[in-house]
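Please look over the fold below. The report that accompanies it works from the whole chain down to single contacts.

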Amino acid sequence: MTTARTDVALALHEAAEANGFSGVIRVDRPGEEPFARGYGLADRAHGLPMAAESRCGVASIAKGFTAVTIGALVDDGTLALDDLVRPFLGDDLPLVDDAVTVEHLLSHTSGIGDYIDESSGSITDYVIDRPLHELDNTEAFVPVLDGRPQVSAPGSRFAYCNSGFVLLALVAERASKTPFHELVQERVFAPAGMASSGYPRTDDMPGDLALGYLGDTDDRTNVLHLPVRGSGDGGAATTAADLHAFWTALFDHRIVSAQMLAVLTEPLNEVEDENMRYARGFWRGWESGTVILEGYDAGVSARTWHDPESGVTGTVIANASDGAWPVLEAVDWP
């Protein structure tokens with residue numbers, strides 16, 4: 001983003017006020033105090049206000065954490081981008097094409113069947129056909145991923161795929177012999193200083209974690225829509241300050257090497273429906289160098305971004321299914 005921080009912050013703030021936004025906005029520019037503010041309620045039933053420091057679910061923003069975890073494992077030689085996935089799967093998931101690689105999963109070009117169909121229905125539909133309490137670790141997702149035929153040949157086309165990032169988490173676990181949540185803590189959260197980030201259980205939520213609401217006004221939460229503990233495609237909770245710390249550490253090469261960062265953020269596919277380009281775990285601006293992560297799920301809508309040229313980072317997290325989008329429309333995305 002090339003717009004000055006104050007202009008971006010003011011535009012986002014005014015849009016938040018005009019739209020009854022509930023969530024957190026933060027904009028950072030090097031050498032200046034950040035704009036950071038909470039809006040609305042973190043807990044509607046108890047009237048608890050959202051604070052700038054509130055933890056929130058961020059849905060697919062967590063795919064960026066998965067991607068850099070994979071990048072760190074590639075940096076240390078545990079994995080390679082051209083590694084075939086099949087040796088890590090063994091007899092599991094026999095419908096995954098034997099030609100699928102780690103690279104295909106990162107770039108959403110694997111062609112594997114997705115356990116969440118985002119092509120139809122509403123974001124608040126009940127889309128997982130297994131008891132959610134069973135999905136408390138990455139291995140538990142294997143039956144959910146199973147039985148879904150290959151949709152296209154590996155490498156033939158871009159198709160956003162949640163299953164691909166759960167599969168990346170599974171590969172990372174089996175390659176490193178470390179549970180995925182511990183691996184992200186060791187490889188991403190710790191080196192970035194993200195002390196408020198993690199993968200909490202939905203039935204054991206900390207008191208400072210905002211509830212996610214299906215709509216802008218009703219009190220129904222997303223607890224029956226999400227796995228009890230997420231994996232590689234989502235389920236992380238974090239703060240706007242921690243997301244700023246993530247971008248800073250990532251571009252200071254404290255999580256992955258400069259070479260790996262360039263690989264992960266290299267635009268590969270133009271996605272016209274999103275008006276963005278996709279790299280490996282990260283979105284890019286349509287024409288700019290802005291690096292973007294975005295999340296959308298029942299009870300969550302969010303975007304966080306970093307402009308390498310100016311050093312500006314920004315985050316908008318809503319604790320409602322569509323709350324972030326009217327606010328983000330206030331910014332001219334290049």
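What follows covers the overall build, the sheet, its strands, the salt bridges and a surface patch.

## Overall build

The model is predicted. The chain holds 10 helices and 12 strands. Its radius of gyration is 19 Å, close to the 20 Å that the globule rule gives for 334 residues, so the chain is as compact as a globular protein of that length. Along the principal axes, the C-alpha atoms fill a box of roughly 55 × 40 × 35 Å. Of the 334 residues, 54% count as buried.

## The sheet

An open sheet is formed by 8 strands. Their order is 2-1-12-11-10-9-8-7, and the pairing is antiparallel. Strand 2 (35–39) and strand 7 (269–271) are the edge strands, each pairing on one side only. From one strand to the next, the twist averages 20 degrees. Strands of a sheet pair through backbone hydrogen bonds, either parallel or antiparallel.

Begin at the strand 2 edge. Strand 1 (residues 23–28) pairs with strand 2 in the antiparallel sense, over 5 bridges. Val24 has Gly38 of strand 2 as its bridge partner. The two strands, strand 1 and strand 2, form a hairpin with 6 residues between them. In that turn, Gly31 has a positive phi of about 85 degrees.

Strand 1 also runs antiparallel to strand 12, joined to it by 6 bridges. Here Ile25 stands opposite Val316 of strand 12.

Next in line is the pairing of strand 11 (residues 300–306) with strand 12, again antiparallel and over 6 bridges. His306 stands opposite Thr313 of strand 12. Strand 11 and strand 12 form a hairpin too, with 6 residues between them. Its turn contains Gly311, which has a positive phi of about 80 degrees.

Further along, strand 8 (residues 276–278) and strand 9 (residues 283–285) pair over 3 bridges in the antiparallel sense. Tyr278 has Trp283 of strand 9 as its bridge partner.

## Strand 12

Why is strand 12 (residues 313–318) described as largely enclosed by the rest of the structure? The reason is that 6 of its 6 residues are buried. Buried here means under 20% relative accessible area. In a regular strand the side chains alternate between the two faces of the sheet. Both faces of strand 12 are covered. On one side, Thr313, Thr315 and Ile317 are buried. On the other side, Gly314, Val316 and Ala318 are buried as well. Two of these residues appeared above: Val316 stands opposite Ile25, and Thr313 stands opposite His306.

## Salt bridges

Side chains of opposite charge can pair when their charged atoms come close. The structure holds 16 salt bridges. The table lists some of them.

| Pair | N to O distance |
|---|---|
| Arg37 and Glu17 | 3.8 Å |
| Arg29 and Glu32 | 4.0 Å |
| Arg254 and Asp252 | 3.7 Å |

Arg37 and Glu17 form a salt bridge. This pair links distant parts of the chain, with Arg37 in strand 2 and Glu17 in helix 1 (residues 5–18), 20 residues apart. Arg37 has 37% relative accessibility, so it counts as partly exposed. Glu17, at 48%, also counts as partly exposed.

Arg29 and Glu32 meet through their side chains. Arg29 is partly exposed, with a relative accessible area of 27%. Glu32 is partly exposed at 38%.

Arg254 and Asp252 make another salt bridge. Arg254 has a relative accessible area of 42% and is partly exposed. For Asp252 the value is 47%, which means partly exposed. Elsewhere, salt bridges that share partners join Asp92, Glu139 and Arg174 into one network.

## A nonpolar surface patch

Which residues make a nonpolar surface patch of about 320 Å²? Tyr126, Val223 and Leu224 make this patch. Leu224 is found in the loop between helix 7 (180–192) and strand 6 (237–238). Is Leu224 buried or exposed? Its relative accessibility is 58%, so Leu224 counts as exposed. The cut-off for exposed is over 50%.

Definitions and conventions: Residues numbered from 1 in each chain as written. Predicted model: local features only at pLDDT ≥ 70, side-chain atom pairs only at ≥ 80, totals over all residues. Heavy atoms only, no water. Pairing = 2+ DSSP bridges. Helix = DSSP H or I, 4+ residues; strand = E, 2+ residues; numbered from the N terminus. Axes fitted to C-alpha atoms, helices over the stretch in contact; angles between N-to-C directions. Patch = residues over 30% accessible without salt bridge, like charges linked within 9 Å, V, L, I, M, F, W, Y side chains within 5 Å. Areas by Shrake-Rupley, 256 points an atom, 1.4 Å probe, with all protein chains shown as cover. Buried < 20%, exposed > 50% of the residue type's maximum accessible area, 1.4 Å probe, protein only. Rg over C-alpha atoms; globule rule 2.2 N^0.38 Å.
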